[in-house]
Amino acid sequence: MLSAERVRLAPLTSNDLPLLFAWINDRDQVLFNAGYAPVHELSHASWFEALQQRKDCIIFGIRRIDDDALIGSCQLLNINPRHQNAELQIRLGDVESRGQGLGSEALRLLLRFGFRDVNLHRIYLHVFADNERARRLYEKAGMREEGLLREAAFIDGRFVDLRVMAMLRSEASLGGSG
């Protein structure tokens, strides 16, 4: 378990599936970082089962420390041990938990875990160019923009640009708890 002041990262369990299922089917929330398509319950359960077998992915639930409520998830995926890099994804599914710095705490924990415990050299992500809130979160954590993928995603009937952002281990602050 990885802990900060107000959140901790912990493995997801089957008890988390109903809430994760509700979040992935909330169209308005999904469109912040992905194309929307309804997910059926059996497909969702199969996804969770397959996730447990993947060697190139580590996923955590983001939980508030004060009440242990699941407020989101974050993961390192496409982990490449040879090149020591991985892609980062984070989502606060609990809308009420946004704007309080909880996502920032979770992001810092995940970055520290990736560099310190997984021995990564580079952690990268893709973010919609027009998602200013997410871009500010990543910049605040020390991630740098590396490039623009023009019209790389078809979201809600239109093509959108994706920004590539990354952090190198040498740029990370690895101190603190966790």
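Which residue in the turn of the β3-β4 hairpin has a positive phi? In this predicted model, that residue is aspartate 68, with a phi of about 60 degrees, and the hairpin leaves five residues between its two strands. The strands themselves run antiparallel and are joined by seven bridges. One pair to look at here is isoleucine 59, which sits opposite glutamine 75 of β4.

The next hairpin along is put together from β4 and β5, this time with four residues in between. Its turn also holds a residue with a positive phi, glutamine 84, at about 55 degrees. Seven bridges hold β4 and β5 together, again in the antiparallel sense, and leucine 76 has leucine 88 of β5 as its bridge partner. With nine of its eleven residues buried, β4 is largely enclosed by the rest of the structure.

Zooming out, both hairpins belong to an open sheet of eight strands, ordered β1-β2-β3-β4-β5-β6-β8-β7, with mixed pairing. The edges are taken by β1 (2-3) and β7 (144-155), each of which pairs on one side only. On the β1 side, two bridges link β1 to β2 in the antiparallel sense, and leucine 2 faces leucine 9 of β2 across that pairing.

Now for the packing. In soluble globular proteins, nonpolar side chains tend to be buried together. The largest nonpolar core here counts 33 residues, and the ones with the most contacts inside it are Leu9, Ile62, Leu76, Leu88 and Tyr138. Two or more residues each come from β2 (7-10), β3, β4, β5, α4, β6, α5 and β8 (158-168). The top contributor is α4, which supplies eight residues to this core. Another core lies apart from it, with ten residues that include Leu12, Cys57, Leu70 and Leu77.

Leucine 88 is a handy place to see who meets whom in the larger core. Leaving aside residues up to four places away in sequence, leucine 88 touches Gln75, Leu76, Leu107, Leu110, Leu111, Ile123, Tyr124, Leu125 and Tyr138. Leu76 thus shows up both as a contact of leucine 88 and as its bridge partner across the β4-β5 pairing.

What about the empty space? Rolling a probe the size of a water molecule over the atoms shows where such space is left. The largest pocket comes out at a volume of about 1,200 Å³. Its lining runs to 46 residues, with Asn33, Ile90, Arg91, Leu92 and Tyr138 nearest the centre. Two or more lining residues each are given by α1 (17-24), α3 (41-53), β3 (57-64), β4 (70-80), β5 (85-92), α4 (102-116), β6 (122-128) and α5 (132-140). Sorted by class, that lining has 23 nonpolar, 16 polar and seven charged residues. Tyr138 turns up in two lists: among the residues nearest the centre of this pocket, and among those with the most contacts inside the largest nonpolar core.

The second largest pocket has a volume of about 190 Å³. Of the 14 residues that line it, Arg108, Leu109, Arg112, Ala141 and Ser173 lie nearest the centre. Here α4 gives the most to the lining, with six residues. The class tally is seven nonpolar, one polar and six charged. Helix α4 therefore has a part in several places: it gives the most to this lining, gives the most to the largest nonpolar core, and also contributes to the lining of the largest pocket.

Key. Residues numbered from 1 in each chain as written. Predicted model: local features only at pLDDT ≥ 70, side-chain atom pairs only at ≥ 80, totals over all residues. Heavy atoms only, no water. 1 Å grid on protein atoms, 1.4 Å probe; cavity = no way out; pocket = protein on both sides within 12 Å on 5 of 7 lines; lining within 4 Å. Points joined across faces, edges and corners; volume = space filled by probe spheres on them. Nonpolar A, V, L, I, M, F, W, Y, C, P; charged D, E, K, R; others polar. Core = buried A, V, L, I, M, F, W, Y, C linked by side-chain atoms within 4.5 Å. Buried < 20%, exposed > 50% of the residue type's maximum accessible area, 1.4 Å probe, protein only. Contact = heavy atoms within 4.5 Å. Pairing = 2+ DSSP bridges.
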